[in-house]
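Subject: Structure for you to look at

Hi,

Here is the structure I promised to send over. Have a look at it first, and then read on for what turned up when I went through it.

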Amino acid sequence: MAQPTVARNVTRERVLAGRLETAGGLWAKFLGLMGRRSLGDGSGLWLPASNGIHMMFMRFPIDAVFVGRRDGAGRHPVVSVHRSLRPWVGLVPLVRGAHGVLELPAGTIDATATAVGDLVALEEIATA
């Protein structure tokens, strides 16, 4: 079982998601957040090696933060941000330079002032 993970915007010293799930496989990425009623505050979904998303069968809006490859310190540069993508009609096809996307509750981008060029770290939370 994967370790619990947190996503931090290290540039702005803000937590993007304190409870981050990972959708690593093809099927998990396809399903994403479909069928869920909501995405709780402080939660998020990490889709590694992804450069586009859809909002089909979604019930709620989300923010999406697309990030590039990790640097030597394990941080991902933000390459694109998309606020309040609408259910059913929101679509972000192929973001150039993206190698992963964070799906977050709508309003997270503005609340954390996350912007293109910021650095994001995905960190495992130590459990006892």
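A search of the whole structure, which is a predicted model, turns up 4 salt bridges. One of them joins Glu123 and Arg8, whose closest N and O atoms are 2.8 Å apart. That pair links distant parts of the chain: Glu123 sits in strand β9 (residues 119–124) and Arg8 in strand β1 (residues 5–9), with the two positions 115 residues apart in the numbering. Glu123 is partly exposed at 28% relative accessible area, and Arg8 also counts as partly exposed, at 28%.

Another salt bridge runs between Asp118 and Arg12, again with 2.8 Å between the closest N and O atoms. Asp118 lies in the loop between α2 (108–112) and β9, while Arg12 lies in the loop between β1 and β2, so this pair ties together parts that are 106 residues apart in sequence. Is each partner buried or exposed? Asp118 has a relative accessible area of 3%, and since under 20% counts as buried, Asp118 is buried. Arg12 is partly exposed, with 38%.

Then there is Asp71 with Arg75, whose side chains meet in a salt bridge at 3.0 Å, N to O. Both ends are partly exposed: Asp71 has 28% relative accessibility and Arg75 has 30%.

Now for the sheet. 7 strands close into a barrel, and following it round you get the order β1-β2-β3-β8-β5-β6-β9, with mixed pairing. On average, neighbouring strands of this sheet are turned by 35 degrees against each other, direction ignored. The Glu123 and Arg8 salt bridge fits into this picture, with one partner in β9 and the other in β1, and both of those strands belong to the barrel.

I'd spend a minute on β3. How many of the 6 residues in this strand (residues 43–48) are buried? The count is 5 of the 6, so β3 is largely enclosed by the rest of the structure. On one side, strand β2 (residues 14–22) pairs with β3 in the parallel sense over 4 bridges, and Thr22 has Trp46 as its bridge partner in β3. β3 also pairs with strand β8 (residues 100–105), this time in the antiparallel sense, over 4 bridges. There, Leu45 has Glu103 as its bridge partner in β8.

Staying with β8, take a look at Gly100, which is in that strand. Gly100 is buried, with a relative accessible area of 0%. Leaving aside residues up to four places away in sequence, Gly100 touches Trp46, Leu47, Pro48, Ala49, Ser50, Val65, Phe66 and Val67. Trp46 is also the bridge partner of Thr22. By contrast, Arg86 is 14 residues from Gly100 in sequence and 20 Å away in space, C-alpha to C-alpha.

Last stop, the surface. Which residues form a nonpolar patch there? They are Met56, Phe57, Trp88 and Val89, and together they have about 410 Å² of accessible area. Met56 is found in the loop between β4 (53–54) and β5 (62–67), and it is partly exposed, with a relative accessible area of 34%.

Let me know what you make of it.

Cheers

Key. Residues numbered from 1 in each chain as written. Predicted model: local features only at pLDDT ≥ 70, side-chain atom pairs only at ≥ 80, totals over all residues. Heavy atoms only, no water. Buried < 20%, exposed > 50% of the residue type's maximum accessible area, 1.4 Å probe, protein only. Pairing = 2+ DSSP bridges. Axes fitted to C-alpha atoms, helices over the stretch in contact; angles between N-to-C directions. Patch = residues over 30% accessible without salt bridge, like charges linked within 9 Å, V, L, I, M, F, W, Y side chains within 5 Å. Areas by Shrake-Rupley, 256 points an atom, 1.4 Å probe, with all protein chains shown as cover. Contact = heavy atoms within 4.5 Å.
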